[in-house]
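Let's look at a model together and ask how its descriptions are earned. Each question below is followed by the reasoning behind the wording.

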Amino acid sequence: MSKNFGIIGCGMIANFHAKAIESIGGKVAACYDKVPQAIERFAKEHPDCKPYNDFSAFLADKNIEIVTICTPSGAHFEPAIAAAEAGKHLIVEKPLEITLDRCDKIIAAAKKNNVKLATVFHSRFHESSQQIKSAVNTGRFGRLTLGDSIVKWYRTQQYYDSGAWRGTWELDGGGALMNQAIHSIDLLIWLMGPVVEVSAKIALLAHDRIAVEDTAVASLRFANGALGTIVGTTASFPGYLKRVEISGSSGSAVLEEEDIIKWQFAETAPEDAAVMEAMNSRRSGAGGASDPSAINFLGHAKLFENVCNAIDGKEGVLVSGEEGRRSVEVILAIYKAAETGDTVHFPLVSDPELAVRNGGVVGG
């Protein structure tokens, strides 16, 4: 089970990856970053980690079995392709990449080189998310009617000013949707099924010196006929826990961060007692509502464990590259709908430049 990991990108999220790796008995064997100070800081915090400032040497390290990519969103492509070609299994932070073209090429490279590829959507691994998914699969909601993702978070101007890549189309790939709300969007489409059309509005309302949206609303139609909404913002002071709401003709459930806070069905089932008991002992803190570092690594650990098991042939990768691509497609469709004012239908045409805008907010 124990695997050796190499981490690319030694910023904040790399610390969550390291904690997750160590918690499952793995080893952070090596790290690489273009910024020497970042490498030094990370290696100092993880003494068993071999620091590299040469990317080719990093990839040539035979001790590394799995590479996790923690670079800015729009800088996943090159290291992912190179790592796949070096025969390393891949765990890529969300989003998989910021265009469908890049996502498709990463997926193809992993298949060509026979390596496992996972996208980091750790929220799927929480027990509460699994319970709602099970209720969907067993038909407890009846006919699904509405699915909503609501992320009303807050980020200060200092947050955006803290990194030149933040708030850019080229490296962030978008704003409140692509960076912050994407975890809830992934949960929504995982639970509700494929999206077939989108209309949307986005805007930059409360921040300066960024090119992307800090506020967005979208309406969806799912393949099963259900309707839905996506709300995402980083301009809702002081920041509130993210919510995913699922409604159907026979039941409804509301997930707030990691906790189910509503669970009502026309017919009771044996598992309801455990859900109701958990509702009386809330586990979630503030999540990432106002502080991007205020998340736990338990979901990451379960995802990493799944990848290790997949490498050993014990199970499949639960959040594959194809799964990671789905939320990117939905978000790019929202940006396109906001830009054009039209309803966008799926599947979306793969456009290498769709998420890269050099002037102002798309549709703003």
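**A pocket and a helix pair**

Q: In this predicted model, which helix gives the largest share of the lining of the second largest pocket?
A: That is α5, with three residues. Both α5 (100-112) and α11 (321-340) supply at least two residues each.

Q: Which residues line the second largest pocket, and how much space lies in the pocket?
A: The lining is made of I107, A110, K111, N114, V115, K116, L117, V317, S320, G321 and E322. About 180 Å³ of space lies inside.

Q: How do you know how many nonpolar, polar and charged residues the lining of the second largest pocket has?
A: Sort the residues by class: Ala, Val, Leu and Ile are among those that count as nonpolar, Lys and Glu are among the charged, and Gly is among the polar. The result is five nonpolar, three polar and three charged residues.

Q: Why is α4 called roughly parallel to α5?
A: Helix α4 (residues 77-85) and α5 pack at an angle of about 10 degrees, with axes 9 Å apart. Angles under 35 degrees count as roughly parallel, so α4 is roughly parallel to α5.

Q: What is the handedness of the crossing of α4 and α5?
A: The crossing of these two helices, α4 and α5, is left-handed.

Q: What makes up the contact of α4 with α5?
A: From α4 come F77, A80, I81 and A84, and they meet R102, K105, I106, A109 and A110 in α5. By class, this contact has seven nonpolar, no polar and two charged residues.

Methods:
Residues numbered from 1 in each chain as written. Predicted model: local features only at pLDDT ≥ 70, side-chain atom pairs only at ≥ 80, totals over all residues. Heavy atoms only, no water. 1 Å grid on protein atoms, 1.4 Å probe; cavity = no way out; pocket = protein on both sides within 12 Å on 5 of 7 lines; lining within 4 Å. Points joined across faces, edges and corners; volume = space filled by probe spheres on them. Helix = DSSP H or I, 4+ residues; strand = E, 2+ residues; numbered from the N terminus. Axes fitted to C-alpha atoms, helices over the stretch in contact; angles between N-to-C directions. Parallel < 35°, antiparallel > 145°, perpendicular 65-115°, else oblique. Left-handed = near helix turned anticlockwise from the far one by under 90°. Contact = heavy atoms within 4.5 Å.
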